[in-house]
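I opened this notebook to record what I looked up in the structure. The entries follow the order in which I took up each topic.

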Amino acid sequence: MEARTGQLSGSLRASAAYLLTGSLAGVNAAITGYPVFAAQALRYTLATIVLAAACWVQGRRHPLDGPRIRLTRRIVWLLVLQATVGVTGFNYCTAEAVRHTGAATVGTVIATVPVVLAIAGPLAARRRPAWRVIAAAVLVAAGAAVITGLGGTNLPGLLLALGALVAEVSFTLAAVPLLPVFGPLRASAWVSGCSVPVLFALAFATGGAGAVPAPTAGQAAAIVYLAVVVCAGGFYLLYSALPRLGADRVGLFAGLVPFGAMGAELLLGAGTIGPADVAGAVLVAAGVAVGAGTRPAGQEKTGQRKKKDTAAAPQLSRTRTGAPRA
């Protein structure tokens, strides 16, 4: 019962995280005229403040909860990897790829994230990938590709889209060993905070002294939404889903990214739902249903052990108390 509750909670958190990520597409339209790295730097600065405040509140309410943080060399390298590749690399590759090729091509390449995580996640954990999860990931990727649409591309655009794919996979896999050290909330704060100096350095390197201009009211509102809801909220939801589901099954929910984009466009009055969206939604839903119902690795063995222990319990009791007297 507890395992099912944890899986349901993880599924809801992963769904929300990737739906929020998908809303980036619609909201980014409000800051197209603002420098890319400057927007990201401001976004992650505000997100870090929000997450740090949440960590402080959590520490005040539950001072004994949470693991002790010990910054080993491995942990530092993982944080650097998250800040440079997972955060900065993904945002840069996505923004630049759209300039060289269509958003449809970028979305189609990134839609293969579930397939890559279904294979790479278990391998990183030194276990065999589950064929059921791989099959589910293929369905999810196909559905996301149908929704996004297949478009033409060129070599620079394709390479940048592949870079975004690598960055997204890296972001998820590198989070797994960080969670036992920090916990979901503190991990979110640390990764967001480590990204701030990298983004500001790139902003000033590409934009000079006026790299961070004052945003307009619309741009400021969009940055606040991206910082508080998408970044702070999305980080925490994704990081808290990973221990419950594992990287391979969390990756299935990446197929919901196009739905987040469609929802944002509909709310902003900039999009419609067509037959391809419905067909893709069916494939994504089927893939998530097939893969999300798979038990995490080791759970079946644990269940079998519990049954064996339960069956052996009466025998153990008789051995200790002796045979019943006539």
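**Entry 1. A cut-off and a serine.** I set down first that buried means under 20% relative accessible area. I note also that the model is predicted. Is Ser192 buried or exposed? I found a relative accessibility of 0% for Ser192, so this residue counts as buried. I located Ser192 in helix 9. I then listed its contacts, leaving aside neighbours within four places in sequence: Ser192 touches Tyr44, Ala47, Thr48, Leu51, Cys231 and Phe235.

**Entry 2. The chain as a whole.** I counted the secondary structure and obtained 14 helices and zero strands. Read from the N terminus, every element in the order is therefore written α. I noted 326 residues in the chain, of which 42% count as buried. For the surface, I recorded about 17,000 Å² exposed by the chain, with 66% of it supplied by carbon and sulfur atoms. I then turned to sequence separation. Among the contacts in the chain with a separation of 6 or more, 90% join residues 24 or more positions apart.

**Entry 3. Helix 3 and helix 10.** I took helix 3 as residues 36-61 and helix 10 as residues 217-245. How far apart are their axes, and at what angle do the two helices pack? I found the axes 8 Å apart and an angle of about 55°. Helix 3 and helix 10 are therefore oblique to each other. I recorded the crossing of helix 3 past helix 10 as right-handed. On the side of helix 3, I listed Ala39, Leu42, Arg43, Tyr44, Leu46, Ala47, Val50 and Leu51 as making the contact. Helix 10 contributes Ile223, Val224, Leu226, Ala227, Val228, Val230, Cys231, Ala232 and Phe235. I sorted the residues of this contact by class and obtained 16 nonpolar, no polar and one charged.

**Entry 4. Helix 3 and helix 9.** I turned next to helix 9, residues 184-207, as a partner of helix 3. I found an angle of about 155° between helix 3 and helix 9, with their axes 8 Å apart. Because angles over 145 degrees count as roughly antiparallel, I entered helix 3 and helix 9 as roughly antiparallel to each other. The crossing of helix 3 past helix 9 is left-handed. How many nonpolar, polar and charged residues does this contact have? I counted 17 nonpolar, nine polar and one charged in the contact of helix 3 with helix 9.

**Entry 5. Helix 8 and helix 9.** I then examined helix 8, residues 155-182, against helix 9. Their axes lie 8 Å apart, and the helices pack at an angle of about 125°. Helix 8 and helix 9 are therefore oblique to each other. I recorded a right-handed crossing for helix 8 past helix 9. Helix 8 makes the contact through Phe171, Leu178, Leu179 and Phe182, and helix 9 through Pro184, Arg186, Ala187, Trp190 and Val191. By class, I obtained eight nonpolar, no polar and one charged residues for the contact of helix 8 with helix 9.

**Entry 6. Two further residues of helix 3.** I looked up Trp56, which has its place in helix 3. Trp56 has a relative accessible area of 56% and is exposed. Between the C-alpha atoms of Trp56 and Arg186 I noted a separation of 9.7 Å, although their positions lie 130 residues apart along the chain. I looked up Ala52 as well, again in helix 3. Is Ala52 buried, exposed or partly exposed? With a relative accessible area of 40%, Ala52 is partly exposed. I found the C-alpha atoms of Ala52 and Ala232 separated by 9.9 Å, the two residues being 180 apart along the chain.

**Entry 7. Helix 1 and helix 12.** I placed Ser15 in helix 1, residues 2-22. Ser15 is buried, at a relative accessible area of 17%. Not counting residues up to four places away in sequence, I found Ser15 touching Phe253 and Leu256. I placed Ala261 in helix 12, residues 257-267. Ala261 is buried too, with a relative accessible area of 14%. Finally, I recorded 7.6 Å between the C-alpha atoms of Ala261 and Leu19, residues that are 242 apart along the chain.

Technical notes:
Residues numbered from 1 in each chain as written. Predicted model: local features only at pLDDT ≥ 70, side-chain atom pairs only at ≥ 80, totals over all residues. Heavy atoms only, no water. Helix = DSSP H or I, 4+ residues; strand = E, 2+ residues; numbered from the N terminus. Buried < 20%, exposed > 50% of the residue type's maximum accessible area, 1.4 Å probe, protein only. Contact = heavy atoms within 4.5 Å. Areas by Shrake-Rupley, 256 points an atom, 1.4 Å probe, with all protein chains shown as cover. Axes fitted to C-alpha atoms, helices over the stretch in contact; angles between N-to-C directions. Parallel < 35°, antiparallel > 145°, perpendicular 65-115°, else oblique. Left-handed = near helix turned anticlockwise from the far one by under 90°. Nonpolar A, V, L, I, M, F, W, Y, C, P; charged D, E, K, R; others polar.
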